[in-house]
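Student: Can we go through this one together? I'd like to work from the side chains outward.

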Amino acid sequence: MSVRKRAAVLGHPIGHSRSPQLHRAAYDYLGFDCSYDAIDVTEEAAAEFAAAVRAEPNWNGLSVTMPLKAVMAAAVDRLDPLAEALGVLNTVTFDHGPAGTVLTGWNTDVLGLVNALRHAGAGEAPRGVILGAGGTACAAVAALARMGCTSVDVHARSFRGAGASGRQADVAQVGSRLGVQVNLRPWEEAAAACAAADVVICTLPPRGADALADQFRTLAADRSGAVLLDAAYDPWPSQMAAAWESAGGTIVPGLEMLLYQAVEQVRLFTGSAFRDEPAVINVMCDAVGLPRR
């Protein structure tokens, strides 16, 4: 009798995650016998958790969310080229063999962002602005690069122009590795930048852009034809999304990004069992209340 496979999403906090609904719906449709849970793991406990699951042969895959995307990248055995270039992952696969288990890190956030933006009508080579400078911002740089951008402005609270260091410098390093000029900009300029961009990707945690939304409203900018993707999806709409929509722009909830990155995770986790991508996407949409594609 085969042992049921196991997968999970890791993060801290994790109670809000919609990933279990997405993955379970896909596995049910595919007839793939795998559980999927949400597990609260702190940054301090991430390496120990990775070592523990390595020893359990029924583990099949991990989804990884904030704040673990960088620390888990250091806990796996190898990274696919994209995750290595970004320095962050959101997916871990397990290869159980006679010599032991190999953990491989992937980043499906990039394709999730690209597909969500394109589904919303974003054009090629947009003038792009990123809010925040963490792991998801690194993926956002790569996503805009895939859409043809050669220069991206990144606004974050914790740096002031050229003197930035630490994790903000990682965003610039990602741009350098991908051939994209990343311009680190003051947070005080973020509202004006949002008023002029073709695409804005907000990678801040829930309610992280509420004050910015108030500043943006005072500009009374016409955002017709421009797209805002807010990676936070609870609560929705965020105050920034509501302000953007009131200005005539198109808003994309983080749930859209979550959907498309989860499709790629399901593809990695299920292997040869994966089939009929449009149908898989539709059952996943049904599971979280998104319109069918």
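Tutor: Let's fix a term: buried means under 20% relative accessible area, exposed over 50%, and partly exposed in between, with a 1.4 Å probe and protein chains only. This is a predicted model, where local features need pLDDT of at least 70, side-chain atom pairs count only at pLDDT 80 or more, and totals for chains, interfaces and linings use all residues. Residues are numbered from 1 along each chain as its sequence is written, and side-chain values use heavy atoms, with hydrogens and water left out.

Student: Are Phe-49 and Trp-59 buried or exposed?

Tutor: The cut-off to apply is under 20% relative accessible area. Phe-49 and Trp-59 each come out as buried.

Student: How many aromatic pairs does the structure hold, and what is the angle between the planes of Phe-49 and Trp-59?

Tutor: Rings of Phe, Tyr and Trp (its six-membered ring) pair if their centres lie within 6.5 Å; planes under 30 degrees apart are stacked, over 60 edge-to-face, the rest tilted. There are five aromatic pairs. Phe-49 and Trp-59 make an edge-to-face one, with centres 6.3 Å apart and planes at 75°.

Student: Where in the chain do Phe-49 and Trp-59 sit?

Tutor: Helices (H or I, at least four residues) and strands (E, at least two) are DSSP runs, numbered from the N terminus. The pair links distant parts of the chain, ten residues apart. Phe-49 is in helix α2 (residues 46-54), and Trp-59 is in strand β3 (residues 59-64).

Student: Why does Leu-117 count as buried?

Tutor: Leu-117 belongs to helix α4, where Asp-109, Val-110 and Gly-112 are among the other buried residues. Leu-117 counts as buried because its relative accessibility is 0%.

Student: Which residues does Leu-117 touch, not counting those up to four places away in sequence?

Tutor: Contact means heavy atoms within 4.5 Å. One partner, Ile-201, is 84 residues away in sequence, yet its C-alpha is 9.4 Å from that of Leu-117. The full list is Ala-122, Met-147, Val-199, Ile-201, Val-227 and Leu-229.

Student: Over in the loop between β1 and α1, where Ser-17 is found, what is the relative accessible area of Ser-17?

Tutor: Beyond its neighbours within four places in sequence, Ser-17 is in contact with Val-9 and Tyr-233. A polar atom of the Ser-17 side chain also lies 3.1 Å from the backbone nitrogen of Ser-19. Ser-17 is buried, and its relative accessible area is 13%.

How values were computed. Polar contact = N/O pair within 3.5 Å; in protein donor to acceptor, adjacent residues only side chain to side chain.
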